[in-house]
Amino acid sequence: MQKRKIPMRQCLGCRTMFPKKELIRVVRSPEGSIALDFKGKAPGRGAYVCHSAECLRKAQKSRALERAFGVPVPDEIYDALTAQMEEGENGE
């Protein structure tokens, strides 16, 4: 029997490869809104960050989300993502 392949994704902040389930997915929906997707099932274009607000800050500084999604990401979105990440860490 073959072992099942584990999908790997790269964190936009620290650029380290992790199994997909260990990362938080940031998703740009077909309507254009950007949010965190803790379940990894939301429709839209996805990008991944570690469970650390520091990685989200690094991704913001390097404009990694803008490059991944091909759209400008306002600071309010980053503030909302940081708040969502803190809630998710406390809630899960």
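In the predicted model, the bridge partner of Val27 in strand E5 is Gly46, while on the E4 side the partner of Val27 is Ala35. Val27 thus has a bridge partner in E5 and another in E4. Its neighbour in sequence, Val26, stands opposite Ala47 of E5. Strand E3, which comprises residues 24-28, is joined to E5 by five bridges, and the two strands run antiparallel; four bridges join E3 to E4, again in an antiparallel arrangement.

Taken together, these pairings give an open sheet of three strands in the order E4-E3-E5, with antiparallel pairing. Strands E4 (34-37) and E5 (45-49) stand at the edges of this sheet, and because each has a single partner strand, one side of each is left without a neighbour in the sheet. From one strand to the next, the twist averages 30°. As for the surroundings of E3, four of its five residues are buried, so the strand is largely enclosed by the rest of the structure. The hairpin formed by E3 and E4 has five residues between the strands, and within this hairpin Gly32 takes a positive phi near 105°.

Three salt bridges are present in the structure. In one of them, the side chains of Arg25 and Asp37 meet with an N to O distance of 2.9 Å. Since Arg25 lies in strand E3 and Asp37 in strand E4, the pair ties together parts that are 12 residues apart in sequence. Both partners fall below the 20% relative accessible area under which a residue counts as buried: the value for Arg25 is 9%, and that for Asp37 is 8%.

A further salt bridge links Arg57 with Glu54, the closest N and O atoms being 3.0 Å apart. Both residues belong to helix H1 (residues 53-61), where they are three residues apart, about one turn of the helix. Arg57 counts as partly exposed, at 46% relative accessibility, and Glu54 is likewise partly exposed, with a relative accessible area of 40%.

The side chains of Arg63 and Glu66 also meet in a salt bridge, with an N to O distance of 3.9 Å, which lies within the 4 Å cut-off applied to such pairs. The two partners differ in their burial class, since Arg63 counts as partly exposed at 48% relative accessibility, whereas Glu66 counts as buried at 11%.

Arg63 is also of interest for its backbone. The residue is found in the loop between H1 and helix H2 (64-69), and its phi is near 60°, a positive value in a residue other than glycine. Most residues other than glycine have a negative phi. Arg15 is another non-glycine residue with a positive phi, in this case of about 65°. Arg15 is placed in the loop between E1 and strand E2 (17-19), and at 49% relative accessibility it counts as partly exposed.

Strand E1 itself spans residues 8-10 and contains Arg9, which is partly exposed, with a relative accessible area of 30%. Although Arg9 and Val49 are 40 residues apart in sequence, their C-alpha atoms are 9.1 Å apart in space.

Empty space at the protein surface was also examined. The largest pocket has a volume of about 340 Å³ and is lined by 16 residues, of which Lys20, Lys21, Phe38, Lys39 and Gly40 lie nearest its centre. By residue class, the lining of this pocket divides into seven nonpolar, two polar and seven charged residues.

Terms used. Residues are numbered from 1 along each chain as its sequence is written. This is a predicted model: local features need pLDDT of at least 70, side-chain atom pairs count only at pLDDT 80 or more; totals for chains, interfaces and linings use all residues. Side-chain values use heavy atoms; hydrogens and water are left out. Two strands pair if DSSP finds at least two bridges between them. Axes are lines fitted to C-alpha atoms, for helices over the stretch in contact, and angles run from 0 to 180 degrees between N-to-C directions. On a 1 Å grid over the protein atoms alone, a cavity is a set of points where a 1.4 Å probe fits but cannot get out, and a pocket is an open set with protein on both sides within 12 Å along at least five of seven lines; lining residues have an atom within 4 Å of a point. Grid points are joined across faces, edges and corners, and a volume is the space filled by probe spheres set on the points. Ala, Val, Leu, Ile, Met, Phe, Trp, Tyr, Cys and Pro count as nonpolar, Asp, Glu, Lys and Arg as charged, and the others, Gly among them, as polar. Buried means under 20% relative accessible area, exposed over 50%, partly exposed in between (1.4 Å probe, protein chains only).
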